[in-house]
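Student: I have just opened this structure and would like a guided look at it. Could we go through it together, one question at a time?

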Amino acid sequence: MSGNALTNAESEPGVFARFVSGRRSKWVVFGVWLLVIFSLAGFASKLNDAQKNDTSSWLPKSAESTKELKIEGDFHPNWYPAILLYVRPTGLTDADKAQIQHAADLVKQDPPAKNLDMIVHSAVQVQYVQDGANAGKAAQILVPVNPGTNGWNNFPDTVKAMKDALGPPSAGLQTFVTGPMGEAGDEADAFKKINGSLTAFTAIAVIVILLIAYRSPILWLLPLITVGGGALTVAESVIYLLAKHAGLTVNGQAAFILIVLVFGAGTDYALLLIARYREELRRYEDRHEAMAHAVHRAGPALVASSATVAVSMLILLVAEMNSTKGMGPVLAIGVLIALAAMLTLMPALLVIFGRWVFWPARPTFGSEEPTQHGLWARMGKRIAVRPRAVWVVTAVILAALAAGVGQLNAHQQTVADQFVTKPDSVKGAEVQAQYFPTANGQPLAIIGDAGHMDAVAAKLKTVPGIDPAGVGTPKTIKSAVVKDYFYLEAALTDAPDSKAARNTVDRVRDAMKTVPGANALVGGGAAVTLDISRASSHDSKLIIPLILLAVFIILGLLLRAFLAPLLLILTVILSFGASLGISALAFKGFGWNGVDIGMPLYGFVFLVALGIDYNIFLMTRIREESVRRGTRRGALVGLSATGGVITWAGLVLAATFGVLATLPIVPFAEIGFSVALGVLLDTMIVRSVLVTALTLDIGKRMWWPSKLAASDEPGGGTLEAARAADDSVLVS
């Protein structure tokens with residue numbers, strides 16, 4: 001097919017493009033969306049109730065700690081022990097002891113006081129420091145708590161009730177609510193506080209950028225209504241219904257990132273569509289015709305972009321971590337619904353409102369396209385002087401920044417590391433470790449075949465890192481043997497979230513293999529932490545190559561080339577490395593102890609899936625222009641036409657993910673910071689400078705092995721011809 005034939009074949013809008021922007025059919029599109037939104041809106045607000053944030057919903061199903069946790073339910077409820085800690089460095093007084101006993105009696109009540117209905121009352125224990133230099137200076141009340149089916153949402157209220165049970169403050173007496181329940185309560189409280197504000201903060205960030213970008217008091221409302229009122233409402237409703245009736249797992253992490261992703265990606269798609277529509281309004285007097293051409297020409301880039309994100313998210317289904325596996329379909333659904341809204345509701349709204357919505361910068365028929373002489377057109381001409389030198393220097397700088405990855409220190413963070421500021425539970429845990437180093441409420445839990453309990457208990461007492469005095473069967477379980485299993489607990493001599501404790505788990509598991517016939521499973525807090533760490537490492541090694549392969553295939557189909565997709569992926573990887581390198585140094589400056597072990601994977605998924613979008617937006621336009629102008633000239637025209645809109649799109653996405661960086665949970669803040677930084681690097685440097693320079697240097701060979709790589713180009717396709725060409729019309 002010749003270049004002219006290809007241009008003509010691609011120039012006419014299809015049935016879909018004409019339907020969503022038709023004179024009558026636009027009202028059908030608008031009406032259908034209104035019906036869907038009003039029918040589903042009530043379900044969106046229920047998504048929080050469908051979340052599963054308990055331990056088993058995050059753990060890998062195949063992990064030993066997960067199997068142990070499942071069987072453990074036969075012995076006793078799923079406990080989240082809370083520790084009510086009392087410390088007086090000069091020694092507890094009689095009044096202190098009376099206060100402690102009153103608190104213990106209060107939480108033992110049945111029915112209990114206030115909001116303590118989840119407490120396993122018979123298991124409440126009071127412990128005093130009996131020996132050593134700290135004897136008589138501290139006491140703790142161990143309060144096992146059964147979270148129940150909706151425990152996560154109740155944790156903050158339960159912890160508050162326990163704080164009330166501590167009693168009135170007394171001069172010199174330190175009191176804390178800590179342990180697994182205290183820590184989980186503080187974490188749940190942080191999620192609860194940010195849940196309502198996250199959407200508002202994200203919307204505000206988008207509004208500010210759209211106001212600056214469009215300089216219009218009206219236009220910014222249409223993307224916001226389409227994304228927030230349409231796409232996000234429908235996405236949350238659909239996800240809720242799937243979680244409620246189809247077994248889809250949704251946790252707080254996925255729900256938060258869904259908001260950011262739909263706002264960020266959806267607004268990006270809106271910006272690209274509006275920019276193309278504005279171009280077409282200068283070429284077509286009828287706004288319906290202009291929109292049909294805008295949807296037709298911008299549609300393939302939007303579809304490819306959303307397909308890249310959706311496929312990347314669905315690849316997360318191969319993860320071992322339940323939390324990662326569950327995030328995949330949730331985010332894929334979100335981005336596909338955002339695409340549907342932008343290709344249907346958004347065009348309908350724009351043609352319903354007409355040209356005046358762009359006021360005061362209203363595009364008129366036949367007027368000059370301002371981007372052809374703008375900032376990005378001038379930048380393209382400067383790059384075209386020495387493109388090879390530009391891309392080599394840029395790549396070297398990015399590679400140097402990526403060297404900082406060595407300082408990233410990705411590891412399984414302790415509970416204390418996961419909060420931006422120290423909550424009461426973390427402060428209490430530090431104090432509790434000084435007075436009750438082994439009684440932390442998080443022993444290892446060992447389950448095995450009945451008849452081998454004594455042999456296993458004896459073996460446990462010989463394992464370094466286990467307190468021999470802390471090995472035994474708790475009095476609060478139903479019985480020592482249930483369904484031909486035994487249950488034992490073993491107290492650790494180290495903090496359960498420490499590396500030393502994880503090493504002890506390995507030693508215990510090795511030791512259990514030497515007890516013939518026991519078939520023992522080792523679980524508990526430290527075992528859970530270890531299994532999460534290993535599953536996260538496995539997921540990164542598996543998922544990252546699969547995503548790269550999927551993105552390469554999508555780009556190859558879109559651009560009908562091999563070399564261009566390969567180079568685009570390499571540039572995004574370079575951008576990802578640079579963002580991680582800078583982030584590692586920034587996190588040190590923030591005082592954070594490295595990064596959560598899952599953060600590099602999440603950062604990669606979002607940066608590659610979303611960062612490639614901007615290259616898709618640019619390269620699809622360059623290819624379109626290359627057919628009629630030649631590749632090097634097409635690169636300059638493509639940059640000048642898309643540079644502004646892609647920059648604003650990058651700012652929107654960076655701002656939305658940047659909202660995560662303000663959250664009080666360190667892993668979320670790390671993901672938000674690194675992705676926002678990576679998106680800015682992608683839009684400001686990688687896409688505008690590196691990719692443009694590579695295209696200008698390589699020329700039509702970028703499209704190898706397609707016919708476009710061998711086609712004749714105006715002026716021989718040289719840089720000189722490209723710089724000298726007339727830009728009077730961007731799209732012919």
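**Salt bridges, sheets and helices**

Tutor: Gladly! Let us start with one side chain: at a relative accessible area of 10%, Arg88 is buried. Keep in mind that this is a predicted model.

Student: Which residue forms a salt bridge with Arg88?

Tutor: Arg88 has a relative accessible area of 10%, under the 20% cut-off for buried. Its partner is buried as well, with a relative accessible area of 1%. The closest N and O atoms of the pair are 2.5 Å apart, and the residue that meets Arg88 is Asp96.

Student: Is Glu12, which forms a salt bridge with Arg18, buried or partly exposed?

Tutor: In this salt bridge, the closest N and O atoms are 3.7 Å apart. Arg18 has a relative accessibility of 33%, so it counts as partly exposed. For Glu12 the relative accessible area is 48%, between the cut-offs of 20% and 50%, so Glu12 is partly exposed.

Student: How many residues apart in sequence are the parts that Arg297 and Glu280 tie together?

Tutor: The side chains of Arg297 and Glu280 meet in a salt bridge, at 3.2 Å from N to O. Arg297 lies in helix 11 (residues 287–315) and Glu280 in helix 10 (residues 252–283), so the pair ties together parts whose separation in sequence is 17 residues.

Student: Which residues are linked with Arg297 and Glu280 in a network of salt bridges?

Tutor: Arg297 and Glu280 are both buried. They belong to a network of salt bridges, and the residues linked with them there are Arg276, Arg283 and Glu624.

Student: How many salt bridges does a search of the whole structure find?

Tutor: We have met several, including the one between Asp96 and Arg88 and the one between Arg297 and Glu280. For the whole structure, the search gives 19.

Student: Which strands stand at the edges of the open sheet of four strands?

Tutor: The order in this sheet is 2-3-1-4, with antiparallel pairing. An edge strand has a single partner strand, so one side of it is left without a neighbour in the sheet. Here the edge strands are strand 2 (125–128) and strand 4 (174–178).

Student: Which residue in strand 4 stands opposite Tyr86?

Tutor: Strand 1 (residues 82–87) and strand 4 pair in the antiparallel sense over five bridges. Opposite Tyr86, in strand 4, stands Thr175.

Student: Which helix lies across strand 1, strand 3 and strand 4?

Tutor: Helix 6 (residues 94–108) lies across strand 1, strand 2 and strand 3 (138–143), running at about 0 degrees to strand 3. The helix you ask about runs at about 110 degrees to strand 4, and it is helix 16 (residues 424–435).

Student: Why is strand 9 largely enclosed by the rest of the structure?

Tutor: Strand 9 covers residues 485–492. It pairs in the antiparallel sense with strand 6 (residues 444–449) over six bridges, and three bridges join it to strand 7 (residues 466–472), also antiparallel. Strand 9 is largely enclosed because the number of its eight residues that are buried is seven.

Student: Which residue in strand 9 is the bridge partner of Ile466?

Tutor: Within strand 9, Leu488 is the bridge partner of Ile446. For Ile466, the bridge partner is Leu492.

Note on methods
Residues numbered from 1 in each chain as written. Predicted model: local features only at pLDDT ≥ 70, side-chain atom pairs only at ≥ 80, totals over all residues. Heavy atoms only, no water. Salt bridge = Lys/Arg side-chain N within 4 Å of Asp/Glu carboxyl O. Buried < 20%, exposed > 50% of the residue type's maximum accessible area, 1.4 Å probe, protein only. Helix = DSSP H or I, 4+ residues; strand = E, 2+ residues; numbered from the N terminus. Pairing = 2+ DSSP bridges. Contact = heavy atoms within 4.5 Å. Axes fitted to C-alpha atoms, helices over the stretch in contact; angles between N-to-C directions.
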